[in-house]
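Student: I should like to take a close look at a single part of this protein, namely its interior. Please begin there and then follow whatever leads outward from it.

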Amino acid sequence: MQSAVLTEPETFEFEERSRPDPGPTDVLVAVGRVGICGSDVHYYRHGRIGDFVVENPLVLGHESAGEIVAVGADVEDVAVGDRVALEPGVPCFECDACRRGEYNLCPDVRFMATPPVDGAFTEYVAWPAEFAYPLPENVSTQAGALCEPLSVGLHAARRGNVGVGDTVLITGGGPIGMLAMEAARVAGASQIILSDVVPEKLDRARERGADATVDPSQEDLAERVADLTRDDGVDVAIEASGAAAAIRSTTEVVRQGGSVALVGLAGEGEIPLDTHDIINGELDVHGSFRFRNTYPAAIDLLASGDVDVEGIIDFEMPLSEVTAAFERTDDPSLVKGMITVGD
Ligand SMILES: NC(=O)c1ccc[n+]([C@@H]2O[C@H](COP(=O)([O-])OP(=O)(O)OC[C@H]3O[C@@H](n4cnc5c(N)ncnc54)[C@H](O)[C@@H]3O)[C@@H](O)[C@H]2O)c1
Ligand SMILES: C[C@@H](O)[C@H](N)C(=O)O
């Protein structure tokens, strides 16, 4: 099978590898679609994300879906021919985090496209059947692949305790912010404000249902939020930009007793937050790391049509053009690129 392998920064090489053999509890999936995530682009450009360093050739891509072509001897719940979305993080099931049910926090998680675990820019992937979720007929393979960033959004909305009638500010209109918006809406938010510094992202957010948008490079975010909320502040802020200024602003724009979900990763880990705002206002500030128990909900929401993920896709390109596709993601007006593998 053909695999696109990152051999050094900004270099994909195509390698002919043998198809993996599924273990007894695995499925073998013919990959159909793989989204390009910001972390893939970061590994491509820099060869590392923090402590995760690409020391050996690595297959990127962790937003994937495809069709099962073989199953291990002990697999019962899925079958050859099923189209499935692959949840990319497989935890150990033994550590304290796993036992608490917080399997996204498992220190031994094997997460696709995170060194040294290969991802899905390849023709076939063998993956535990438990982490392969069948897609109903009306959910496309593209949408199946985007269950992954949708899951990040769903987890953020859960971590931020978004509830019925809430006003929610989402900072950042990349794929995570756009899909956090979908998640906030289905969690019951009645007013969603999205901020970004790229005008096309703001247009896109309004087209996708944002009630108001703010460009913090052109106007004062806290003032706009005050205007939009009768000086109250938002109930929940979901930070999905990773920009230091946006992270800092979260505690200023949330109402007393409101909550903040921090998703975006800043280049620098330490960002000053106003602890007086947090203490005096009894703000709940939550980290939101990847996701847990979201794929079934994501697929149900896609099948019912309650959320849209396909509308964030700007382009699809074949695996053979993976380098050009990665280069194209530099355009800040684009939200999501996708790789087509196979037919
Ligand atoms: N916590 C997690 O589990 C998790 C998972 C996936 C991604 N992330 C992180 O979430 C963030 C968003 O991911 P993405 O893929 O959507 O990234 P992205 O880079 O595509 O989107 C970020 C958006 O933020 C905008 N932005 C920049 N400065 C801003 C500001 N001051 N105010 C508002 N918006 C601003 C950018 O224009 C861009 O549209 C990244 O930091 C990423 O590393 C975290
Ligand atoms: C969660 C996933 O999308 C993210 N890029 C990560 O590697 O953590």
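Student: How many residues does the largest nonpolar core have, and which of them have the most contacts inside it?

Tutor: The model is a predicted one, in which local features need pLDDT of at least 70 and side-chain atom pairs count only at pLDDT 80 or more, while totals for chains, interfaces and linings use all residues. Residues are numbered from 1 along each chain as its sequence is written, chains are lettered from A and ligands numbered from 1 in the order in which they are written, and side-chain values use heavy atoms, with hydrogens and water left out.

The largest nonpolar core has 92 residues, and those with the most contacts inside it are Leu 60, Phe 121, Ile 170, Ile 238 and Phe 326. Such a core is a set of buried Ala, Val, Leu, Ile, Met, Phe, Trp, Tyr and Cys residues joined through side-chain atoms within 4.5 Å. Buried means under 20% relative accessible area, exposed means over 50%, and partly exposed lies in between (1.4 Å probe, protein chains only). In soluble globular proteins, nonpolar side chains tend to be buried together.

Phe 326 serves as an entry point. Beyond its neighbours within four places in sequence, Phe 326 is in contact (heavy atoms within 4.5 Å) with Phe 12, Ile 36, Asp 40, Val 41, Tyr 44, Leu 60 and Phe 121. There is also a second, separate core of 13 residues, which includes Ala 212, Val 225, Val 253 and Ile 278.

Val 253 leads to helix α8. This helix spans residues 244–253, and 7 of its 10 residues are buried; helices (H or I, at least four residues) and strands (E, at least two) are DSSP runs, numbered from the N terminus. The buried residues of α8 are Ala 244, Ala 246, Ile 247, Ser 249, Thr 250, Thr 251 and Val 253. Their cover includes strands β12 (167–171), β15 (234–239) and β16 (254–262), together with helices α7 (221–228) and α9 (275–280).

Phe 121, met above, leads to Val 34 in strand β3 (residues 26–36). Val 34 counts as buried because its relative accessibility is 0%. Apart from residues up to four places away in sequence, Val 34 touches Gly 61, His 62, Glu 63, Ser 64, Ala 120, Phe 121, Met 338, Ile 339 and Val 341. The C-alpha atoms of Val 34 and Thr 340 are 6.6 Å apart in space, although 306 residues separate the two in sequence. Thr 340 lies in strand β19 (residues 336–340) and is buried, because its relative accessible area is 17%. The side chain of Thr 340 forms a polar contact of 3.3 Å with that of Glu 316. A polar contact is a pair of N or O atoms within 3.5 Å; within protein, one must be able to donate a hydrogen and the other to accept it, and residues adjacent in sequence count only if both atoms are side-chain atoms.

Thr 294 is another buried threonine, because its relative accessibility is 0%. Thr 294 is placed in the loop between β17 (284–287) and α10 (295–304), and its side chain makes a polar contact of 2.9 Å with the side chain of Ser 151.

His 62, one of the residues touched by Val 34, leads to ligand 2. The residues surrounding ligand 2 (a heavy atom within 4 Å) are Cys 37, Ser 39, His 62, Phe 111, Glu 148 and Arg 290. A polar side-chain atom of His 62 is 3.1 Å from an oxygen atom of ligand 2, and a side-chain N or O atom of Ser 39 is 3.0 Å from a nitrogen atom of the ligand. An N or O atom in the side chain of Arg 290 lies 2.7 Å from an oxygen atom of ligand 2. Of the 250 Å² that ligand 2 exposes when taken alone, the protein buries 79%; such areas come from the Shrake-Rupley method with a 1.4 Å probe, and for residues only the protein chains shown count as cover.

Arg 290 also belongs to the surroundings of ligand 1, which comprise 23 residues, the closest being Asp 196, Lys 201, Leu 265, Ser 288 and Arg 290. Here a backbone N or O atom of Arg 290 lies 2.6 Å from an oxygen atom of ligand 1. The protein covers 76% of the 860 Å² of accessible area that ligand 1 has on its own.
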